[in-house]
Amino acid sequence: MKLLRVGPPGREHPCAVDSDGVVRDLSEWLDDWTGRFLDPGTLAGTRERLAREASALPAVDLTAARVGPPVRPGGHLISIGLNYREHAAEAGMELPAEPLVASKSPWTMAGPYDDLLLPPGESRTDWEVELAVVIGRRAQYLPDDCDPLAYVAGYCTANDVSERRWLLERGGQWVKGKSFETFTPLGPHLVTSDEVPDPQKLGLTCQVNQRPMQDGSTADMVFDVAELVRYLSQFMLLRPGDVVLTGSPAGVALGRPDTPYLRAGDLVEVEVTGLGAQRQRCVPAQETPGVPGERERP
């Protein structure tokens with residue numbers, strides 16, 4: 001099942017794609033794609049009900065509506081660094097012995113077609129196409145003999161945007177280079193885990209101004225999705241709606257000789273096989289807080 005949220009920032013409605021490819025508004029059934037509604041068992045029931053009752057639900061015209069991030073922002077947003085062998089090689093760094101874990105502000109979440117806001121005065125904003133994992137049920141201290149993927153609601157395309165100067169040159173934690181507004185476009189869909197039999201067999205691509213930049217596979221991960229979920233559960237409580245960004249393949253601006261960092265007017269397009277494609281236009285962020293039209297938090 002493909003889930004999405006449609007509407008203005010902070011006022012999105014939960015939707016799903018029916019068997020005929022029609023987007024249906026599920027607001028009559030649930031408040032949002034969050035909490036217990038993301039539990040894999042609950043999602044199975046929702047899928048069965050949608051198959052029976054889709055025609056009774058309002059259809060949504062995506063040509064006239066904004067698509068938001070497919071899960072409600074506010075949960076833990078976790079970024080895994082150097083998790084692709086070829087990316088570590090292009091960065092000139094050794095493979096990590098354990099996953100490198102960073103946090104991002106949950107308010108970096110944006111819709112898949114929203115503008116990407118370039119921070120004032122910065123010039124090293126970089127793209128990173130990634131597979132995003134959405135947690136579906138409470139996970140804590142998962143044992144080695146369990147199936148961590150049973151705790152996953154589904155997967156979506158992500159762009160784990162980074163401002164490299166704040167990330168690498170300003171000291172402290174990576175969170176500073178990853179927490180600017182709109183720096184985590186997600187979606188368009190959250191594809192439930194039953195439709196992704198093996199998350200280690202997905203292709204990832206990125207183009208900037210129609211120039212191919214990244215072309216990788218989740219098979220190149222140092223730590224696979226199951227191990228990341230199990231590992232993270234050892235030192236943090238994972239809750240439904242938390243999102244894990246699992247790392248980026250080679251081809252980022254940082255690893256290129258000409259370091260073609262993003263500039264205003266650039267068009268970034270990222271895609272993960274079977275999960276949908278995104279498109280972001282880069283625009284300068286407003287330097288004055290509270291300007292009219294500021295994105296609303298849910």
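Start by selecting Leu262 in this predicted model and showing what lies around its side chain. Leaving aside residues up to four places away in sequence, Leu262 touches Leu116, Leu118, Thr125, Asp126, Trp127, Val208, Val268 and Cys282. Keep Cys282 in mind, as the tour returns to this residue later.

Now widen the selection. Leu262 belongs to the largest nonpolar core, a group of 41 residues. Which members touch the most others? They are Trp127, Leu131, Tyr155, Cys206, Leu238, Leu262 and Leu275. To see where the core draws its residues from, colour these elements: strands E5 (77–81), E8 (116–118), E10 (129–135), E11 (152–159), E15 (203–208) and E18 (267–272), together with helix H5 (225–232). Each of them supplies at least two residues of the core. In soluble globular proteins, nonpolar side chains tend to be buried together. There is also a second, separate core here, with 25 residues; Ala16, Trp33, Leu38 and Val243 are among them.

**Strand E5**

Next, select E5. Five of its five residues are buried. Turn the strand to view each face: on one side are Leu77, Ser79 and Gly81, on the other Ile78 and Ile80, and both faces are covered. Add strand E6 (residues 100–104), which runs antiparallel to E5 and is joined to it by five bridges. Within this pairing, Ile78 has Ser103 as its bridge partner. Then add strand E17 (residues 243–245), which pairs with E5 in the parallel sense over three bridges. Here Leu77 stands opposite Val243, a residue you have already met in the second core.

**Aromatic rings**

Time to look at rings. The whole structure holds three aromatic pairs. Select Trp166 and Phe180 for one of them: the centres are 6.4 Å apart, the planes meet at 70°, and the arrangement is edge-to-face. Trp166 is in helix H3 (residues 164–168), while Phe180 is in the loop between helix H4 (175–178) and strand E13 (184–185), so this pair ties together parts that are 14 residues apart in sequence. Are these two rings buried or exposed? Trp166 is partly exposed at 23% relative accessibility, and Phe180 is partly exposed as well, at 22%.

Tyr231 and Phe235 make another edge-to-face pair, 5.4 Å from centre to centre with 80° between the planes. Tyr231 counts as buried at 16%, whereas Phe235 is partly exposed at 47%.

Go back to Trp166 and add Phe183: together with Phe180 they form one aromatic cluster. Then show Arg170, whose charged end sits over the ring of Trp166, 3.9 Å from its centre. For another arginine placed over a ring, select Arg49, which lies over the face of Trp29 at 4.0 Å from the ring centre.

**Cysteines**

How many disulfides does the model have? The count is zero. Pick Cys15 and look for its nearest cysteine sulfur: that of Cys156, 16 Å away. Cys15 is buried, with 1% relative accessibility. Now return to Cys282, the contact of Leu262. Its closest cysteine sulfur is in Cys206, and at 10 Å that is too far for a bond. Cys282 is buried too, at 2% relative accessibility.

**Backbone oddities**

The last stops are best viewed with the backbone drawn as sticks. Most residues other than glycine have a negative phi, and most peptide bonds are trans. Select Gly187 and Pro188, which are joined by a cis peptide bond with omega of about 20°. Pro188 lies in the loop between E13 and strand E14 (190–192).

Move to Thr182, in the loop between H4 and E13. Its phi is positive, near 75°, although Thr182 is a residue other than glycine. Thr182 is buried, with a relative accessible area of 2%.

Finish at Gln210, in the loop between E15 and strand E16 (211–217). Gln210 also has a positive phi, about 65°. Is this residue buried or exposed? Gln210 is exposed, with a relative accessible area of 63%.

Conventions: Residues are numbered from 1 along each chain as its sequence is written. Side-chain values use heavy atoms; hydrogens and water are left out. A nonpolar core is a set of buried Ala, Val, Leu, Ile, Met, Phe, Trp, Tyr and Cys residues joined through side-chain atoms within 4.5 Å. Buried means under 20% relative accessible area, exposed over 50%, partly exposed in between (1.4 Å probe, protein chains only). Helices (H or I, at least four residues) and strands (E, at least two) are DSSP runs, numbered from the N terminus. Contact means heavy atoms within 4.5 Å. Rings of Phe, Tyr and Trp (its six-membered ring) pair if their centres lie within 6.5 Å; planes under 30 degrees apart count as stacked, over 60 as edge-to-face and the rest as tilted. A charge sits over a ring if NZ of Lys or CZ of Arg is within 6 Å of the ring centre and within 35 degrees of the ring normal. A disulfide is a pair of cysteine sulfur atoms within 2.5 Å. Two strands pair if DSSP finds at least two bridges between them.
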